[in-house]
Amino acid sequence: MSGILLAMGPITTHSSFVRQGPTSLRWINKEQFVTAAKQLEAINLGSYDSTIAGGVFFKKSPSDALTMLQAHPDLASIDEYLVRYALRVPASVGPKVKEMLISQGRLLESQFK
């Protein structure tokens, strides 16, 4: 679960995770990714939307995640989460997903650069 939280940017997809996530976790299959994403959703550290191009995990903003990260320090340090969240969305998130997220107002164009 911590691998998803510490992936680049405010969102993570299975395909971006296996391409750019922690090397030791790139082997996880889609089912394992979804299970971990739903566990993070259950403890209020994000939300998983399976209706968008195979599924997207939206991380909570750092200010919204602060309390839960304090309650679960084994998942990620607050400082590391802040740094990783602020990074751009990985290039491996495809253009169709990018367009959809921007048009829905869920992300900004600047988060992809």
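Modeller: Before we start, one cut-off: contact means heavy atoms within 4.5 Å. Keep in mind, too, that this is a predicted model.

Biologist: Happy to. With that cut-off, which residues is Leu40 in contact with, leaving aside its neighbours within four places in sequence?

Modeller: The partners of Leu40 are Met1, Ile4, Leu5, Leu45, Gly46, Phe57 and Leu75. Leu40 is also among the residues with the most contacts inside the largest nonpolar core, which has 20 residues. Others in that group are Ile4, Leu5, Phe33, Leu45, Phe57 and Leu69.

Biologist: Which helix gives the most to this core?

Modeller: That is H3, with 5 residues. H1, H3, H4 (62-71) and H5 (78-86) each supply at least two. There is also a second, separate core of 10 residues, and Ile52, Val56, Val97 and Leu101 are included in it.

Biologist: Let's stay with H3, then. How should I read a helix with a buried side?

Modeller: Start with the general idea: an α-helix has 3.6 residues a turn, so residues three or four places apart point the same way. Now the case here. H3 covers residues 30-42, and its 13 residues reach 18 Å from the first C-alpha to the last, close to the 18 Å expected. Phe33, Val34, Ala36, Ala37 and Leu40 are buried in H3. Seen down the helix axis, the buried residues of H3 fall within an arc of 165°, so they line one face. On the other side of H3, Glu31 and Ala42 are exposed.

Biologist: What covers the buried residues of H3?

Modeller: The cover includes helices H1 (2-5) and H2 (14-20), together with strands E1 (11-12), E2 (46-49) and E3 (56-59).

Biologist: And what should I look for where H3 begins and ends?

Modeller: At the N-terminal end, look for a cap. Asn29 plays that part for H3, with a side-chain oxygen 3.1 Å from the backbone nitrogen of Glu31. Beyond the helix, check the backbone angles: H3 is followed by Asn44, whose phi is positive, near 65°.

Biologist: You listed three strands. In what order do they stand in the sheet?

Modeller: The order is E1-E3-E2, in an open sheet with antiparallel pairing. E1 and E2 are at the edges with a single partner strand each, so one side of each has no neighbour in the sheet. Between E1 and E3 there are 2 bridges, and Ile11 stands opposite Phe58 in E3.

Biologist: One last residue: is Ser16 buried or exposed?

Modeller: Ser16, in helix H2, is buried, with a relative accessible area of 3%. Not counting residues up to four places away in sequence, Ser16 touches Gly21, Pro90, Ser92 and Val93.

Notes: Residues are numbered from 1 along each chain as its sequence is written. This is a predicted model: local features need pLDDT of at least 70, side-chain atom pairs count only at pLDDT 80 or more; totals for chains, interfaces and linings use all residues. Side-chain values use heavy atoms; hydrogens and water are left out. Helices (H or I, at least four residues) and strands (E, at least two) are DSSP runs, numbered from the N terminus. The expected span of a helix is 1.5 Å times one less than its number of residues. Buried means under 20% relative accessible area, exposed over 50%, partly exposed in between (1.4 Å probe, protein chains only). The arc is that of the directions from the helix axis to the C-beta atoms. A polar contact is a pair of N or O atoms within 3.5 Å; within protein, one must be able to donate a hydrogen and the other to accept it, and residues adjacent in sequence count only if both atoms are side-chain atoms. A nonpolar core is a set of buried Ala, Val, Leu, Ile, Met, Phe, Trp, Tyr and Cys residues joined through side-chain atoms within 4.5 Å. Two strands pair if DSSP finds at least two bridges between them.
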